[in-house]
Amino acid sequence: MNTLNAQKLDIKKLKSLEQRFDDVMELIDITELKEKLIQVEHDFKNEPNEINKARVGIVYHEVALNLSFLSETEYTGYATKSYEHLSELYSSESTTKELLPFVASYRASALSLIASETNKLSLLSESFNLFAVVVKKYSDITYLPEFLRGSVAENLPWFFFSKRKFSKKDFSSIIKKAEQQADYANKKVLSFTYWAWAKQHQAKKYRQRALAYLDRAIELDPEYKAGREKAEELKRKLQK
C-alpha cells in the first residue's frame, strides 16, 4: 500500500461499499439517471445516514456531468451540491474510513466540474491537487481515484497538456492492476477503461492491442451500460 491510511482499511468492507454505490456510479442512461436522482434524494431524506449521504453526493456528481449542459436552470449547481455533500463527509471525523476513497475521489472530480461551470482555472488546479492526494493514498486498493482523474483529464482541451497526460497514465495503470488483481475493478469500469485506452492509442503501432481492448470493452458490457457503444463505433473506425 502507498500509505498507512490505506493499509488500515478493511478491504472486504471497501468492496462491499463499492457494490452499494455501483448503481449510482458511471450512469450514462439519462432516463435512468433522472429516476435515480429522485430515488436517492428520497432515501437520504428518510434515512440521512452516511451511506445515503455519499450516494447523494455521487449521484449529484453524475447529474452535473451528464445533465448540467442540457438545461441552464434545472440542473445548474449540481456540481457544487455534490462537492458540498462530499466535503461534509470528508471533513467529519466520524465518517467511516472505508468511505473515504469514494468520498475523496468524487469530491475532487466534483471540483473539476465546478471549474468547468465557472471557468475558474484555479479550481481545476485545486482539483488535480486533490486527486494527487487520493491517488497516492488509495489507488493500490481501488480503481476509483485514477479512473475519475483519467476521465477528467481526457476531456480537457489540448492546451491542458500537463494535466491531460494523466489520462493515458491512469487508464494504463488500472489495466495493469486489473491484470494482477482479478477483483481490482468491476466489468463496467473495465469496459470504459479498455475503450478509453484504445481511444488514446489509435496509431497503427498500437492497432492490434487497441482492437483487442475494444473487444474486451464490448464483451464486458452486454447490456450497453458502459463502454460498448463507443467501443463498437471506434472499432469500426479502426478497421476501415
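In the predicted model, Ser82 is buried, with a relative accessibility of 0%. This serine belongs to helix 5, which covers residues 78-91. Apart from neighbours within four places in sequence, Ser82 is in contact with Gly57, Tyr60, His61 and Ala110. His61 is also among the residues touched by Leu113, together with Ala64, Leu65 and Ala79, when residues up to four places away in sequence are not counted. Leu113 is part of helix 6, residues 100-118, and is buried at a relative accessible area of 13%, which falls under the 20% limit for that class. Between the C-alpha atoms of Leu113 and Gly150 the distance is 14 Å, with 37 residues separating the two in sequence.

The chain as a whole contains 12 helices and 0 strands. Its pattern along the sequence is accordingly written α-α-α-α-α-α-α-α-α-α-α-α. The radius of gyration is 17 Å, in agreement with the value near 18 Å for a compact globule of 240 residues. Along the principal axes, the C-alpha atoms fill a box of roughly 55 × 45 × 35 Å. Of the 240 residues, 53% are buried. The exposed surface of the chain comes to about 12,600 Å², and carbon and sulfur atoms supply 50% of this area. When contacts between residues at least 6 apart in sequence are considered, 64% of them join residues at least 24 apart.

The largest nonpolar core has 78 residues, and within this core Phe21, Met25, Tyr143, Phe147 and Leu214 touch the most other members. Helix 6 provides the largest share of the core, with 11 residues. For Leu214, the contacts beyond four places in sequence are with Trp195, Ala198, Ala231, Leu234, Lys235 and Leu238. Three of these partners, Ala231, Leu234 and Leu238, recur among the buried residues of helix 12.

Helix 12 spans residues 228-239, and the distance from its first C-alpha to its last is 16 Å, close to the 16 Å expected for 12 residues at 1.5 Å a residue. Its buried residues are Arg228, Ala231, Glu232, Leu234 and Leu238. Viewed down the axis of helix 12, these residues fall within an arc of 170°, so they line one face of the helix. The buried residues of helix 12 pack against helix 10 (187-200) and helix 11 (207-219). The face turned away from the buried side carries Glu229, Glu233, Arg236 and Lys237, which are exposed.

A similar description can be given for helix 3. This helix runs from residue 30 to residue 46. Helix 3 has 17 residues and reaches 25 Å between its first and last C-alpha atoms, close to the expected 24 Å at 1.5 Å a residue. Leu33, Lys36, Leu37, Val40 and Phe44 are buried in helix 3. Seen down the helix axis, the buried residues of helix 3 lie within an arc of 110°, so they line one face of the helix. They pack against helix 4 (50-66) and helix 5, the latter being the helix that holds Ser82. On the other side of helix 3, the exposed residues are Glu35, Ile38, Lys45 and Asn46.

Two loop residues were examined for their backbone angles. Most residues other than glycine have a negative phi. Glu26 is not a glycine, yet has a positive phi of about 55°. Glu26 is located in the loop between helix 2 (11-21) and helix 3. At a relative accessible area of 15%, Glu26 counts as buried, because the limit for that class is 20%. Tyr224, also not a glycine, has a positive phi of about 60°. This tyrosine is found in the loop between helix 11 and helix 12. Tyr224 counts as partly exposed, with a relative accessibility of 41%, a value that lies between the 20% and 50% limits.

Technical notes. Residues numbered from 1 in each chain as written. Predicted model: local features only at pLDDT ≥ 70, side-chain atom pairs only at ≥ 80, totals over all residues. Heavy atoms only, no water. Helix = DSSP H or I, 4+ residues; strand = E, 2+ residues; numbered from the N terminus. Expected span 1.5 Å × (residues − 1). Buried < 20%, exposed > 50% of the residue type's maximum accessible area, 1.4 Å probe, protein only. Arc of directions from axis to C-beta. Contact = heavy atoms within 4.5 Å. Rg over C-alpha atoms; globule rule 2.2 N^0.38 Å. Areas by Shrake-Rupley, 256 points an atom, 1.4 Å probe, with all protein chains shown as cover. Core = buried A, V, L, I, M, F, W, Y, C linked by side-chain atoms within 4.5 Å.
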